[in-house]
Amino acid sequence: MSDDKKNIKPGHDYETTGHSWDGIEEYNKPLPKWWLYTFYACIVWAIGYTIAYPAWPGISSATAGLLGYSTRGQVAEEIARADEANASINAELANADLVALASDSGSDLHRYANNAGGAIFKSWCSQCHGSGAAGAKGYPNLQDDAWLWGGSIEDIYTTIHTGIRQPTDEDWLRQSQMPAFGRDGLLERPEIASVVNYVMSLSGMDVPEPDLVADGQVVFENNCSACHAEDGTGDRMQGAPNLTDQIWLYGGDYDTIYETVMNARYGQMPPMGGADLSEAEVRAVALYVHGLGGGEASE
Amino acid sequence: MIFTLGIYYLTPWIRWDRGPQLPDQAVLIDLANRRFFFFWIEIWPHEFYFVAGLLIMAGLGLFLFTSALGRVWCGYACPQTVWTDLYILVERWIEGDRNARLRLHRQKKLDFRKVRLRLTKWVTWFLIGLATGGAWVFYFADAPTLLRDLVTLNAHPVAYTTMLFLTLTTFFFGGFAREQICIYACPWPRIQAAMMDEDTLTVGYREWRGEPRGKGKSREGLGDCIDCNACVNVCPVGIDIRDGQQMECITCALCIDACDDVMEKLGKPRGLIDYLAFSDEPRERAGHAPRPIWQHVFRPRTILYTTLWSLVGIGLVFALFIRPEIEMTVAPVRNPTFVTLSDGTIRNTYDVRLLNKHGEDRPFRITLTGDSALRVQVEGTPYETVDVPANETYLTRVYVLAPSGSDAAEAERTEFRFWVEDLTNGDRAHTDTIFNGRTN
């Protein structure tokens with residue numbers, strides 16, 4: 001409450017603003033001075049602030065401000081700082097012996113690589129393989145012990161670096177193609193039916209038509225064993241899956257296997273090495289995947 | 001005063017051997033590693049209820065002492081009193097007795113002597129404050145190391161800030177604010193009134209013996225009080241004890257000593273101002289001796305406080321003895337809930353945290369009960385054992401495998417129990433959890 005004596009008229013009457021509406025007048029009670037000057041100071045400050053910092057909106061962006069501050073720039077700075085801080089350990093990782101590193105789970109470098117790999121996996125791999133690496137139909141589960149192209153740390157590294165069935169893979173490291181036996185007329189439908197029965201029998205499943213198994217074996221040996229091996233255990237050099245185990249990438253029921261033989265499968269994976277991920281990052285994520293529970297020892 | 005100060009300053013320097021990988025300071029609050037060490041006891045954060053229990057005991061103990069003996073906490077143990085007494089002692093050494101101090105205080109002229117005395121006093125106070133803040137930080141880090149770091153200016157800034165803060169508060173609270181803190185800042189005098197009753201032993205004035213007070217040789221019609229104001233002059237909080245019990249009184253008993261001196265000079269019995277219980281007033285008026293002290297001390301109220309205090313204490317000691325030396329928490333990994341291996345085995349993954357409270361690395365074995373088909377495997381090894389580092393919570397991944405076709409592999413959920421055993425001394429702990437089989 002302002003007790004400013006200047007505003008009091010003689011006769012204990014307060015000064016009014018001079019307005020009068022139907023005889024009702026308004027007292028003139030100005031803002032306290034400290035309040036008013038603080039308010040003016042804020043206005044001056046605000047003008048300076050909008051000049052120094054991004055403030056005035058334009059059509060597509062806002063004024064940049066004299067100080068050149070931006071939250072995006074701060075994030076970029078922070079990322080640059082983190083990259084700089086990690087530069088030496090990344091260089092160490094890029095030159096480390098992967099096999100030795102994979103077995104040395106207590107070392108700082110291993111822990112760093114594993115954590116970094118986990119983060120990279122979440123950004124680059126989880127779209128297909130799932131955030132828990134459990135995979136999905138057509139996208140292998142990376143936690144189990146079945147590997148199409150090999151489960152040693154070097155094999156996993158090569159797969160991630162090169163991708164699968166990519167035109168950029170000129171060294172033919174991860175290239176193969178299963179013929180579409182049915183679609184391309186290589187096998188007649190009865191032959192396909194019999195070979196599907198045989199394949200199902202390989203992993204001990206209940207076979208719908210057991211009397212076709214013997215015929216199927218002949219078809220298998222003539223058409224499939226070149227890649228999937230005589231006993232059906234597959235060939236990791238060609239990414240040909242083991243047909244005797246309990247793991248089915250596309251599904252282990254009759255119809256799915258029939259479709260696989262009919263039309264073939266051509267699973268692909270983009271190459272992560274080179275453009276997208278640095279050498280250290282590929283190695284980190286290889287180490288992470290190797291440590292998910294199915295990684296195999298190197299020979 | 002010497003006793004309480006001694007405890008405070010010397011405690012951080014007591015050593016206690018806990019094994020090679022643990023600090024050997026007897027009392028240490030290790031904030032960085034979140035441990036509290038107290039001689040043979042080591043408190044982890046999740047055992048903080050011990051600290052809560054100790055605080056409850058301290059509170060009940062305070063009630064007990066207050067209801068039995070009045071404001072003894074304030075007079076003898078409160079840091080504010082102890083440090084104020086210390087500061088007054090320093091003041092007396094440097095500036096002389098009360099009259100000399102008053103003269104110096106009233107002296108307008110800032111001559112060399114006044115400046116010298118004041119500076120000496122303040123510097124001494126400041127050094128005491130510094131030592132106080134210094135001793136405080138020693139409770140939070142290894143004392144000898146920290147002392148060396150402090151002297152060589154290598155210690156952490158937080159240590160210096162804390163020291164500076166405590167030095168300044170000690171300096172001002174002990175040197176200048178003194179009993180103003182007790183009167184205006186401390187909540188305890190207010191609470192205390194509820195704790196005291198007529199049986200509480202407290203500093204009081206035998207009004208029935210002293211009144212009516214009066215000066216002069218002729219004691220005709222007058223009580224024993226000669227109104228010399230000695231009790232008022234010595235009172236650090238500036239009250240007149242003859243007006244009865246007052247909130248400001250901190251039971252420092254200086255008025256007792258002052259009055260007894262006067263009474264002795266007059267050849268009268270001591271104890272006009274004395275430790276007394278006011279429930280004795282009618283007996284004393286009637287000319288009887290007061291009841292013995294123990295009759296005042298042992299009454300339902302104090303017995304109740306003692307009982308509560310003991311119960312909490314026994315509970316804490318009991319909890320301390322049954323406290324497990326190893327602990328385990330299990331978090332099943334649900335992404336994915338299960339993994340099928342190539343031979344059809346169903347595998348579940350668990351994040352297992354093992355607590356090793358010992359001062360050395362120890363091998364722990366993880367087993368399970370509840371389903372004979374299930375098998376344990378620690379990640380990265382073919383074994384069931386894991387080496388847990390000393391004094392750590394160690395996270396390890398554990399696989400549980402159910403062979404193809406077993407009940408556990410086919411059922412949606414199977415309950416089982418993880419066991420962990422410290423292979424060194426056979427201590428065991430367990431946690432119940434779930435195994436997820438094929439869901440389709």
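Of the 440 residues of chain B in this predicted model, 24% count as buried. The chain contains 17 helices and 14 strands. Among its contacts with a separation of 6 or more, 66% are between residues 24 or more positions apart. The points below concern one helix, α2(B), and one strand, β4(B), with its partner.

**Helix α2 of chain B**

- Helix α2(B) covers residues 49-69, and its 21 residues should span 30 Å at 1.5 Å a residue; the end C-alpha atoms are 29 Å apart, which agrees with that expectation.
- The buried residues of this helix are B:L60, B:F63, B:L64, B:T66, B:S67, B:A68 and B:L69.
- These buried residues pack against four helices of chain B, namely α3 (72-77), α10 (188-195), α15 (293-297) and α16 (300-322).
- After α2(B) comes B:G70, with a positive phi near 75°.

**Strands β4 and β5 of chain B**

- In a regular strand, side chains alternate between the two faces of the sheet.
- Strand β4(B), residues 202-205, is covered on both faces.
- On one side B:T202 and B:G204 are buried, and on the other side B:V203 and B:Y205 are buried.
- Strand β5(B), residues 273-276, runs antiparallel to β4(B), and four bridges join the two.
- One of the residues of β4(B) that is buried, B:Y205, has B:I273 of β5(B) as its bridge partner.

Conventions:
Residues are numbered from 1 along each chain as its sequence is written. Chains are lettered from A and ligands numbered from 1 in the order in which they are written. This is a predicted model: local features need pLDDT of at least 70, side-chain atom pairs count only at pLDDT 80 or more; totals for chains, interfaces and linings use all residues. A residue is buried if 20 or more other C-beta atoms lie within 10 Å of its own, exposed if 12 or fewer, and partly exposed in between; C-beta atoms are placed from the backbone. Two strands pair if DSSP finds at least two bridges between them. The expected span of a helix is 1.5 Å times one less than its number of residues. Two residues are in contact if their C-beta atoms, placed from the backbone, lie within 7 Å.
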